[in-house]
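Q: Before we start, could you take me through this model one feature at a time? I would like the general idea, then the case at hand.

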Amino acid sequence: HFTLAGIVLFLWTAMIAYGAIDQIRIIHTIDSSAPVITIQKKVISLKLVIGKYFRLSIWILPFYTAYIVFGCQFLFGYDIYRFGDQNWWIGQIIISVALFIPLTIWFYRKLSPKHINSSWMKKLISSTGGKQIAEALVLMEEIEAFEEKNDTVEAF
């Protein structure tokens, strides 16, 4: 049971660590001597990566019992898996399957970039850079429109 809980927590942590490394990679590719549009694109892609990994991070919700197993052992020296009441475990499974899996799927779908401008979404993720992510999407669209316009002008 500790192995399974550890694998779940390790995979989630590895995903989040990969996201952080991805963000660092983008930061290191920003060349301050590049044209402003190129720099803006890199900054915007950084903001979008932050949003992507925030969206993926909610997949830990259905596996919250892994934290309970480790937390009880680490904080209290209590093996809740071995000594936990069977009814409590059944309740945890029901909560995870009936509540957290549908909630996670719903959040995952709602946290997509196409819903970024909804008022509830702005409130939900404002503390995690949501405002910056929304601004990044708008700026990316403006830059693409600007580049298309310049490509058309340069063609003449």
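A: Take a charged pair to begin with. In this predicted model, arginine 82 and aspartate 79 form a salt bridge, with 3.4 Å between the closest N and O atoms.

Q: Are the two partners, arginine 82 and aspartate 79, buried or exposed?

A: Burial is read from relative accessible area: under 20% is buried and over 50% is exposed. Arginine 82 has 60% relative accessibility and therefore counts as exposed. Aspartate 79, at 6%, counts as buried.

Q: How many salt bridges does a search of the whole structure find?

A: The search finds two. In the other one, the side chains of aspartate 22 and arginine 25 meet with an N to O distance of 2.7 Å.

Q: How are aspartate 22 and arginine 25 placed along helix 1?

A: The general idea is that an α-helix has 3.6 residues a turn, so residues three or four places apart point the same way. Aspartate 22 and arginine 25 are three residues apart in helix 1 (residues 2-28), which means that about one helical turn separates them. Aspartate 22 is buried, because its relative accessibility is 11%. Arginine 25 has a relative accessible area of 47% and so is partly exposed.

Q: What is the secondary structure of the chain?

A: It comes to seven helices and zero strands. Along the sequence the pattern reads α-α-α-α-α-α-α. The chain has 156 residues, of which 27% count as buried.

Q: What span should helix 2 have, and how far apart are its end C-alpha atoms?

A: The check uses a rise of 1.5 Å a residue, taken over one less than the number of residues. Helix 2 (residues 36-57) has 22 residues, so it should span 32 Å; the end C-alpha atoms are 32 Å apart, in agreement.

Q: Which residues of helix 2 are buried?

A: They are Ile44, Leu46, Lys47, Val49, Gly51, Tyr53, Arg55 and Ser57. Phenylalanine 54 is also in helix 2, but it counts as partly exposed because its relative accessibility is 24%.

Q: How far is phenylalanine 54 from glycine 19, in sequence and in space?

A: Separation in sequence and distance in space are read independently. Phenylalanine 54 and glycine 19 are 35 residues apart in sequence, and their C-alpha atoms are 9.1 Å apart in space.

Q: Which residues make the nonpolar surface patch?

A: A residue needs over 30% relative accessible area to be part of a patch. Trp59, Ile93, Val97, Ile101 and Ile105 make a nonpolar patch of about 410 Å² on the surface. One of them, valine 97, lies in helix 5 (residues 86-110). Valine 97 has a relative accessible area of 51% and is therefore exposed.

Q: Which residues gather in the patch of negative charge?

A: Here the side chains to look for are Asp and Glu, which count as negative. Glu141, Glu142, Glu144 and Glu148 gather in such a patch on the surface. Glutamate 144 belongs to helix 7 (residues 130-155). With 40% relative accessibility, glutamate 144 counts as partly exposed.

Key:
Residues are numbered from 1 along each chain as its sequence is written. This is a predicted model: local features need pLDDT of at least 70, side-chain atom pairs count only at pLDDT 80 or more; totals for chains, interfaces and linings use all residues. Side-chain values use heavy atoms; hydrogens and water are left out. Patches are made of residues with over 30% relative accessible area and no salt bridge: like charges are joined within 9 Å, nonpolar side chains (Val, Leu, Ile, Met, Phe, Trp, Tyr) within 5 Å. Accessible areas come from the Shrake-Rupley method with a 1.4 Å probe; for residues, only the protein chains shown count as cover. A salt bridge is a side-chain nitrogen of Lys or Arg within 4 Å of a carboxyl oxygen of Asp or Glu. The place of a charge is taken as NZ of Lys, CZ of Arg, CG of Asp or CD of Glu. Helices (H or I, at least four residues) and strands (E, at least two) are DSSP runs, numbered from the N terminus. Buried means under 20% relative accessible area, exposed over 50%, partly exposed in between (1.4 Å probe, protein chains only).
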